[in-house]
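Morning, everyone. Please have the sequence and the model open while I talk.

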Amino acid sequence: MDEAYSEVIDAGTGMSNPMCKCGKRARILTAFTLRNFGKRFYTCGNYVNQDNRGCDYFKWIDMDICQHGKRVVSKLFDMHENLKNERAQIGTTISNEILKCKLEVAEYKVKMEVASLNFEMQLQMQKNKFNSKETKYRFALACLLILLVVIMFYPVSNANSSRLRLH
């Protein structure tokens with residue numbers, strides 16, 4: 001982490017806080033830098049961020065930490081950075097796995113749609129075959145009925161050989 005006040009905790013303003021150059025009560029912030037980790041300080045009551053610090057009023061509240069504390073803080077910062085990097089790598093891995101899963105689902109969906117279309121096409125072909133055969137059978141049945149009617153009611157030219165002989 002750099003030496004800027006990239007992260008601060010605002011403890012607010014209190015009646016005992018000193019006045020800044022703007023005439024407002026100073027705010028108490030906590031630094032989270034490697035050099036001044038956890039140290040509280042007063043800043044302008046109009047402080048917004050590092051780029052907009054109001055009247056630039058600044059005064060440390062806490063004393064410096066000992067050398068051992070600085071080594072511990074440094075080690076904690078290193079561990080924090082390693083965890084952030086590891087988290088980013090895990091996030092990337094998870095994002096990649098999610099993307100792979102989405103692609104697999106999309107591929108499966110396309111395959112299912114193709115299979116569904118093939119099934120519908122085969123079903124339509126079977127229906128067409130059935131309808132074609134049904135039409136042929138109906139035609140054949142109609143022809144047979146007509147032939148039967150003709151045979152039964154058509155008079156034979158030979159008088160001796162009547163189809164419907166009644167004796």
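One term before we start: a residue is buried when its relative accessible area is under 20%. Take C44. Its relative accessibility is 0%, so C44 counts as buried. Keep that cut-off in mind, and remember that this is a predicted model.

Now the overall layout. The protein has one helix and four strands. What is their order along the sequence? It is β-β-β-β-α, with the helix after the strands. The protein has 167 residues, and 14% of them count as buried. The accessible surface comes to about 13,800 Å². Carbon and sulfur atoms make up 61% of that surface. Then the contacts. Take those with a separation of 6 or more: 35% of them join residues 24 or more positions apart.

Next, the cysteines. How many disulfides does a search of the whole structure find? Zero. A disulfide needs two cysteine sulfur atoms within 2.5 Å. C20 is in no disulfide, and its nearest cysteine sulfur belongs to C44, 3.8 Å away. C44 is in no disulfide either. For C44, the nearest cysteine sulfur is that of C55, at 3.6 Å. Both distances are over the 2.5 Å limit, so neither pair counts.

Stay with C20 for a moment. Where does C20 lie? Find the loop between β1, residues 8–12, and β2, residues 27–31. Is C20 buried or exposed? Its relative accessible area is 6%, so C20 is buried. What does C20 touch, leaving aside neighbours within four places in sequence? The contacts are A26, C44, G45, C55 and Y57. Look at T43 as well. C20 and T43 are 23 residues apart in sequence. In space, their C-alpha atoms are 7.3 Å apart.

On to the aromatic rings. A search of the whole structure finds five aromatic pairs. We describe such a pair by the distance of the ring centres and the angle of the planes. I will show you two.

Pair one is F32 with F37. The ring centres are 5.3 Å apart and the planes are at 80°. Why is this pair called edge-to-face? Because edge-to-face means planes over 60 degrees apart, and the angle here is 80°. F32 is buried, at 18% relative accessible area. F37 is partly exposed, at 33%. These two residues also belong to an aromatic cluster: F32, F37 and F77.

Pair two is F41 with W60. Here the centres are 5.7 Å apart and the planes are at 75°, so this pair is edge-to-face. The pair links distant parts of the chain. F41 is in strand β3, residues 40–43, and W60 is in strand β4, residues 58–60. That puts the two residues 19 apart in sequence. Are F41 and W60 buried or partly exposed? F41 has 2% relative accessibility, so it counts as buried. W60 has 28%, so it counts as partly exposed.

One last stop, still at W60. Which residue has its charged end over the ring of W60? That is K39. The charged end of K39 sits 4.0 Å from the ring centre.

Notes. Residues numbered from 1 in each chain as written. Predicted model: local features only at pLDDT ≥ 70, side-chain atom pairs only at ≥ 80, totals over all residues. Heavy atoms only, no water. Buried < 20%, exposed > 50% of the residue type's maximum accessible area, 1.4 Å probe, protein only. Contact = heavy atoms within 4.5 Å. Areas by Shrake-Rupley, 256 points an atom, 1.4 Å probe, with all protein chains shown as cover. Phe/Tyr/Trp six-rings, centres within 6.5 Å; stacked < 30°, edge-to-face > 60°. Lys NZ or Arg CZ within 6 Å of the ring centre and 35° of its normal.
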